[in-house]
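User: I'd like to learn how to read salt bridges and helix bends in a model like this one. Could you walk me through it?

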Amino acid sequence: MLTFFIRRLLTAIPTLVLISLIIFLLLDLAPGDPLADQPLSIPPEVRQRMRDALGLDSPAYVRYLLWAKQFFWVEPLYFLDWVAGTNFSDGMQRIVSWQFRAPVFDIIVQRIPQTLWVVGLAYLVGVIIALPIGIISAYKQYSWFDQVGTFVSMIGFSVPPFFSGVLMIVFFAIMLPWFPSIYDTTLVVDDFQSLGQQIRQMTLPVMVLALQTTAQLSRFMRASMLDNLNHDYVRTARAKGMTEKVVVLVHVLRNSLIPVVTVIALGIPSIFGGAIITEQIFKVNGLGQLLITAIYANDLPMVQTLAFIFAVLIVACNLIADMLYGLLDPRIRYD
Amino acid sequence: MTDAPIAAVPAKPDTSGRSQWWDVWDQFKSHKGALFGAAVFGFIVLSVTLGPLIWTLEPTFIDIRARNAGASMAHPFGTDQLGRDILARMMAGGQVSIAVGLTAMLISVVLGAFIGVVAGFFRRLDTFLMGLTNLFLALPLLPLLLVMVMLFRETLARSFGPEMGTFILIVSAIGITSWMQTARIVRGEVLALKEREFVLAARSIGTPSRRMILRHILPNVLSPIMVSATLGIATAIITESALSFLGLGFPPDFPTWGRLLFDAIDYLQQYPERVFWPGLAISLTVLSVNYIGDGLRDALDPRIRGR
């Protein structure tokens with residue numbers, strides 16, 4: 001197991017380096033000029049000095065290596081300083097956003113709580129709803145509950161978030177003014193009243209995102225339960241006189257959860273990257289919205305760093321899913 | 001295995017004029033959702049292609065006096081903020097959305113099937129091609145799509161005109177970011193097929209690789225390819241609408257359903273019904289295509305078809 005893990009980790013490193021290079025080369029083609037929004041009154045020689053300071057005229061490989069050094073060396077050191085109070089990173093240049101003129105990671109750290117709260121909570125809610133639906137649908141296959149569940153998850157698959165989100169706003173924010181349609185990030189939760197407000201403003205985006213998660217996971221849970229329900233060990237358990245509850249919830253469920261857990265792990269990167277549209281609709285200023293505004297504003301260091309962080313998450317969660325599969329299913333041996 | 005020939009003999013007179021596609025159709029017919037989906041999809045395709053012949057109002061005709069009108073005989077879906085007829089715009093948008101869906105699906109399926117077959121058939125290329133597939137799977141796709149559209153829009157618009165340039169760009173961007181699942185499935189099937197006796201027999205009489213792939217391998221992996229092609233249409237339509245929704249799709253005077261939805265958001269407070277039609281059209285199309293894919297998967301699986 002450990003050797004497999006180490007081998008996978010070692011193959012993940014070149015993959016990630018390659019991905020960062022692909023993202024860099026793609027962005028390198030961008031036509032925009034980061035100094036385009038500077039006043040025209042700046043003399044050309046000063047403008048040239050600014051370009052030199054940003055390193056814009058150096059060859060592509062120099063800029064790539066500089067970014068790589070900043071991402072893999074300077075930023076971790078800076079983080080270490082911040083945690084342990086040391087000063088290893090003094091005088092080192094961090095990755096600076098052209099748009100905010102501040103270190104990219106400082107802005108990302110500001111945005112992470114919103115994304116985690118809204119999107120992470122939605123994922124959790126989706127998982128919690130999806131599992132029982134999948135279990136009941138499989139146990140009572142072709143019952144009305146199953147039919148309705150199939151139809152609802154088909155709708156969850158087919159209605160894209162940019163339509164379900166807008167529909168939610170039309171129904172629950174305009175026709176029935178129950179929930180606000182815009183997420184207010186400046187809200188400080190310090191008493192029950194503001195807590196209620198926070199919950200209300202989170203309701204709509206969480207509902208939209210949870211519908212998607214539920215649709216996919218409940219289908220998967222159902223299929224996995226159906227695979228297991230007809231196995232011999234289930235008949236044996238029933239023949240031994242176990243109650244139906246124990247058979248389904250202990251014997252079958254535990255075995256059916258193995259693939260589902262890996263699917264849940266594989267979906268985690270989408271918490272951060274996949275909610276771009278929902279964040280845009282409800283004006284949640286999380287990571288997805290940060291990426292969109294950075295793309296519009298031609299803020300290449302920000303786009304590069306964010307896209308690479310998403311890629312790291314995808315690779316890491318793939319690795320975790322593989323490991324979980326091996327840990328949970330004793331039939332799978334990687335060595 | 002022993003009773004298979006006996007069963008086949010009485011069935012022979014019936015099957016003489018029937019190809020296997022009739023069996024597929026019989027099974028497909030028995031899937032109610034799939035039949036319904038096919039009917040809805042057919043209706044949508046027909047109404048966006050033939051509809052403009054009946055409803056002859058130009059989608060770009062501006063009647064500023066009739067702006068923001070509600071539903072009436074003259075404008076069944078009402079008009080938008082410039083007085084353009086929404087029904088005509090919906091039909092024009094549907095043509096583009098469905099054309100994007102079909103073309104992008106074609107690119108991604110051809111690419112996916114090619115890579116899958118080559119990776120499965122030639123062992124030397126397998127490691128490289130599957131590494132490439134996994135690399136693509138690890139890329140954050142939506143951000144990259146946005147970046148690609150952002151970067152190449154101007155260049156392509158200059159050489160092919162704004163509409164055609166955007167079309168080429170979006171279709172190829174969606175195509176080259178969505179072939180990976182097809183490639184994986186096809187490769188798995190090809191790997192299993194390669195161990196079968198008929199491939200060995202074909203090889204033993206000296207069939208060259210090219211004919212082996214075209215005559216023996218490809219027809220046998222057609223069913224997973226068809227299923228992923230169907231589902232690919234749905235994903236492509238959703239991706240195009242998402243791009244349009246983020247303002248990075250087609251130009252405003254060249255509507256697609258996603259673009260119409262995006263434009264309607266600005267008037268959400270005053271005219272909430274305006275977001276409804278394009279959203280419904282996208283959702284219905286995707287829903288029907290998903291049901292068709294579901295039915296095809298069952299119909300093309302010979303293990304289920306017998307029952």
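**Salt bridges and a bent helix**

Analyst: Gladly! Let's start with a pair in chain A: A:Arg222 and A:Asp146 form a salt bridge, with 2.9 Å between their closest N and O atoms. The two residues sit in helix α7 and helix α5 (residues 144-158) of chain A, so the pair ties together parts that are 76 residues apart in sequence. Keep in mind that this is a predicted model.

User: Are A:Arg222 and A:Asp146 buried or exposed?

Analyst: Both A:Arg222 and A:Asp146 are buried. For a contrast, try the salt bridge between the side chains of A:Arg8 and A:Asp322, at 2.2 Å from N to O. A:Arg8 belongs to helix α1 (residues 2-28) and A:Asp322 to helix α12 (residues 300-328) of chain A, so this pair ties together parts that are 314 residues apart in sequence. Here A:Arg8 is partly exposed, at 24% relative accessible area, and A:Asp322 is partly exposed at 27%.

User: Why can residues within one helix pair up too?

Analyst: An α-helix has 3.6 residues a turn, so residues three or four places apart point the same way. In this structure, B:Arg259 and B:Asp263 lie 4 residues apart in helix α12 (residues 257-265) of chain B. Their closest N and O atoms are 3.5 Å apart in a salt bridge, and both residues are buried.

User: How many salt bridges are there over all chains?

Analyst: The search finds 9.

User: And where does helix α7 of chain A kink?

Analyst: Compare its span with a straight helix: the end C-alpha atoms of α7 (residues 192-229) are only 46 Å apart, short of 56 Å. A kink of about 35 degrees lies at A:Thr203, shortly before A:Pro205.

Note on methods. Residues are numbered from 1 along each chain as its sequence is written. Chains are lettered from A and ligands numbered from 1 in the order in which they are written. This is a predicted model: local features need pLDDT of at least 70, side-chain atom pairs count only at pLDDT 80 or more; totals for chains, interfaces and linings use all residues. Side-chain values use heavy atoms; hydrogens and water are left out. The expected span of a helix is 1.5 Å times one less than its number of residues. The bend at a residue is the angle between axes fitted to the seven residues ending there and the seven starting there. A salt bridge is a side-chain nitrogen of Lys or Arg within 4 Å of a carboxyl oxygen of Asp or Glu. Buried means under 20% relative accessible area, exposed over 50%, partly exposed in between (1.4 Å probe, protein chains only).
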